[in-house]
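The exercises below are meant to be worked with the sequence and the coordinates open side by side. Each one sets a task and then follows it through step by step.

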Amino acid sequence: ARSFSLGSSSAESTRATLRAVKAPILILQGTDDRAVLASTARALAQAAREERPGSVTQYVELKQCGHLPMEELPSRFTDTVSDFIVNHCM
C-alpha cells in the first residue's frame, strides 16, 4: 500500500483541490484495503474538513472490506451512499 502524507510537497496541491470542491464529500474506506491505507483516507478527510470549514465531509470505514466496497459489500455501500446523498445533497 502506498503511504501518503498531507504534509508532503504534494500537500498544497491536494489542499487546493479540496478547497475547490463545492459539493459535500464522502470518503469510504475499507478496513482491509491494501491499495490505500486507512491512515491516508483519514488524513484526507481531516484535510478536507480543515480546508472547507462549515462544509460537509463524512468519513466512513467499512469493516472487513478491501479496496472495492461497491463489489465486496454492495448493500452496505449503496445504503451508505444513499443516506449521504439524502442527508447532504438534496
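**Exercise 1. An arginine and its polar partners**

Which backbone oxygen lies 2.7 Å from a polar atom of the side chain of R52? Having found it, describe the surroundings of R52 in this predicted model.

*Solution.* Begin with the position in the chain: R52 sits in the loop that runs between α2 (38–51) and β2 (57–62). The oxygen asked for is the backbone oxygen of V21, which is 2.7 Å from a polar atom of the R52 side chain. The next step is to look for a further backbone partner, and the side chain of R52 also reaches the backbone oxygen of A23, at 3.1 Å.

Now turn to charge. R52 is buried and yet has no salt bridge, since the nearest side chain of opposite charge, that of E51, is 9.1 Å away; a salt bridge would require a separation within 4 Å.

Finally, list the contacts, leaving aside neighbours within four places in sequence: R52 touches L18, R19, V21, K22, A23, P24, I25 and T57. V21 and A23 belong to this list of contacts, and their backbone oxygens are the ones already met at 2.7 Å and 3.1 Å.

**Exercise 2. The largest nonpolar core**

Which residues make up the largest nonpolar core, and which element gives the most to this core?

*Solution.* The core holds 8 residues in all, namely L18, I25, I27, A41, A45, A47, A48 and Y59. When these are assigned to elements, β1 (25–30) and α2 are found to give two or more residues each, and α2 gives the most, with 4 residues.

Two of its members can then be examined separately. A47 is located in helix α2 and, with a relative accessible area of 2%, counts as buried, because the limit for that class is under 20%. As a check on distance, A47 and S13 are 34 residues apart in sequence, while their C-alpha atoms are 12 Å apart in space. A48, once its neighbours within four places in sequence are set aside, is in contact with L18, I25 and T57; L18 and I25 are themselves members of the core.

**Exercise 3. Salt bridges between elements**

How many salt bridges does a search of the whole structure find? For the pairs that involve E12, E50 and E61, give the partner and the accessibility of each residue.

*Solution.* The search finds 5 salt bridges.

1. The side chains of E12 and R19 meet in a salt bridge with an N to O distance of 2.6 Å. E12 is partly exposed at a relative accessible area of 47%, and R19 is partly exposed at 35%.
2. E50 pairs with R15, the closest N and O atoms being 3.2 Å apart. Because E50 lies in helix α2 and R15 in helix α1 (residues 11–20), this pair ties together parts that are 35 residues apart in sequence. E50 counts as partly exposed at 44% relative accessibility, whereas R15 counts as buried at 16%.
3. R42 and E61 meet through their side chains at 2.6 Å, N to O. Since R42 belongs to helix α2 and E61 to strand β2, the pair ties together parts that are 19 residues apart in sequence. R42 is partly exposed, with a relative accessible area of 41%, and E61 is partly exposed, with 30%.

The last step is to ask how the pairs connect: E12, R15, R19, E50 and E51 are linked in a network of salt bridges.

**Exercise 4. A buried threonine and two cysteines**

Where is T80 found, and is T80 buried or exposed? Then state how many disulfides the structure holds.

*Solution.* T80 is found in helix α4 (residues 74–88) and is buried, with a relative accessible area of 11%. A polar atom of the T80 side chain lies 2.8 Å from the backbone oxygen of R76. Beyond its neighbours within four places in sequence, T80 is in contact with L26, L28, V60 and L62.

As for disulfides, the structure holds 0. Concerning the cysteines, C65 is buried, with a relative accessible area of 0%, whereas C89 counts as partly exposed at 41%.

Note on methods: Residues numbered from 1 in each chain as written. Predicted model: local features only at pLDDT ≥ 70, side-chain atom pairs only at ≥ 80, totals over all residues. Heavy atoms only, no water. Buried < 20%, exposed > 50% of the residue type's maximum accessible area, 1.4 Å probe, protein only. Lys, Arg positive; Asp, Glu negative; His and termini not counted. Polar contact = N/O pair within 3.5 Å; in protein donor to acceptor, adjacent residues only side chain to side chain. Contact = heavy atoms within 4.5 Å. Core = buried A, V, L, I, M, F, W, Y, C linked by side-chain atoms within 4.5 Å. Disulfide = S-S within 2.5 Å.
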